[in-house]
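Me: I have a chain on my screen and would like to talk it through with you. Shall we start with its surface and then work along the helices and strands?

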Amino acid sequence: MLERANLECAAALLSEDKALNLKLSVVKLRAVNVIKDLKDRAAKMYDIQNDWIGQRFQKEMDSIKMMCEMLSDVIESEKPLLPQVILTDEKFEVDLSYKMFEPPVTPPPDEPLRCLLQTYSPSLRFTNFTGI
C-alpha cells in the first residue's frame, strides 16, 4: 500500500510539474508578445515624433527664409525698417502698428558741480589755529 501511495504521489508530482511548465511557457509567450507589441508601438511613436519634428523644423526654416527675404528687400530699397518684426518658433509676423525706430530719449544733463569750499584769508586761518 505504501508503494502504491509513493507511485501515485510521484505521478501526481510529475503531472503538476508538467502543468506548471505549461503555465510558465504560456506566461512566457504572452510576455514576449506584449514586449514585442510595446517595441512596435515605441518604434511607431518614434517615427511619428521624428516626422513631426521634421515638419516643425521645415516650418521654422520657411519663416526664417520669409523674414530674410523681407529684410533683404528693405535693405535693397534703402528704406528704414519701420514695422516690428517678430519671429517666434514657426510663426513670422510683421506688426505694422508698432514702429521700431523711435527717437532716442536723451537724458537730462547733470547739474554742474560747484565748489563748496569757503575761501578764507590767510590771516583768518592763522587766527583759528592759534586760538586768538
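**The surface patch and the long helix**

Reply: Happy to help. Phe57, Met61, Ile64 and Leu87 make a nonpolar surface patch of about 330 Å². Patches are made of residues with over 30% relative accessible area and no salt bridge; like charges are joined within 9 Å, nonpolar side chains (Val, Leu, Ile, Met, Phe, Trp, Tyr) within 5 Å. Accessible areas come from the Shrake-Rupley method with a 1.4 Å probe, and for residues only the protein chains shown count as cover. This is a predicted model, in which local features need pLDDT of at least 70 and side-chain atom pairs count only at pLDDT 80 or more, while totals for chains, interfaces and linings use all residues. Residues are numbered from 1 along each chain as its sequence is written, and side-chain values use heavy atoms, with hydrogens and water left out.

Me: Which element gives the most to the nonpolar patch?

Reply: Helices (H or I, at least four residues) and strands (E, at least two) are DSSP runs, numbered from the N terminus. Ile64, one of the patch residues, is found in helix α1. With three residues, the element that gives the most to the patch is α1.

Me: Is Ile64 buried, partly exposed or exposed?

Reply: Buried means under 20% relative accessible area, exposed over 50%, and partly exposed in between (1.4 Å probe, protein chains only). Ile64 has a relative accessible area of 33%, so Ile64 is partly exposed.

Me: Which residues of α1 are buried?

Reply: Of the 132 residues of the chain, 5% count as buried. In α1, the buried residues are Ser63, Met67, Met70 and Val74.

Me: How far does α1 reach from its first C-alpha to its last?

Reply: The helix has 76 residues. Its expected span is 1.5 Å times one less than its number of residues, and that comes to 112 Å. Close to this, α1 reaches 111 Å.

Me: How many salt bridges are there?

Reply: A salt bridge is a side-chain nitrogen of Lys or Arg within 4 Å of a carboxyl oxygen of Asp or Glu. Glu8 and Arg4 meet in one at 3.6 Å, N to O, and Arg56 and Glu60 meet in one at 3.2 Å, N to O. By this rule the count is two.

Me: How far apart in sequence are Arg56 and Glu60?

Reply: Both residues lie in helix α1, about one turn of the helix apart. An α-helix has 3.6 residues a turn, so residues three or four places apart point the same way. The separation of Arg56 and Glu60 is four residues.

Me: Which residues does Glu93 touch, not counting those up to four places away in sequence?

Reply: Glu93 is found in strand β2 (residues 91-99). Glu93 has a relative accessible area of 30%, so it is partly exposed. With contact meaning heavy atoms within 4.5 Å, Glu93 touches Gln84, Val85 and Ile86.

Me: Which element of the chain has the lowest mean pLDDT?

Reply: pLDDT is the predictor's confidence in each residue, from 0 to 100. The chain has a mean of 80, and α1 (residues 2-77) has the highest mean among the elements, 91. Where pLDDT is low, the predicted coordinates should not be read in detail. The lowest mean, 53, belongs to helix α2 (residues 122-130).
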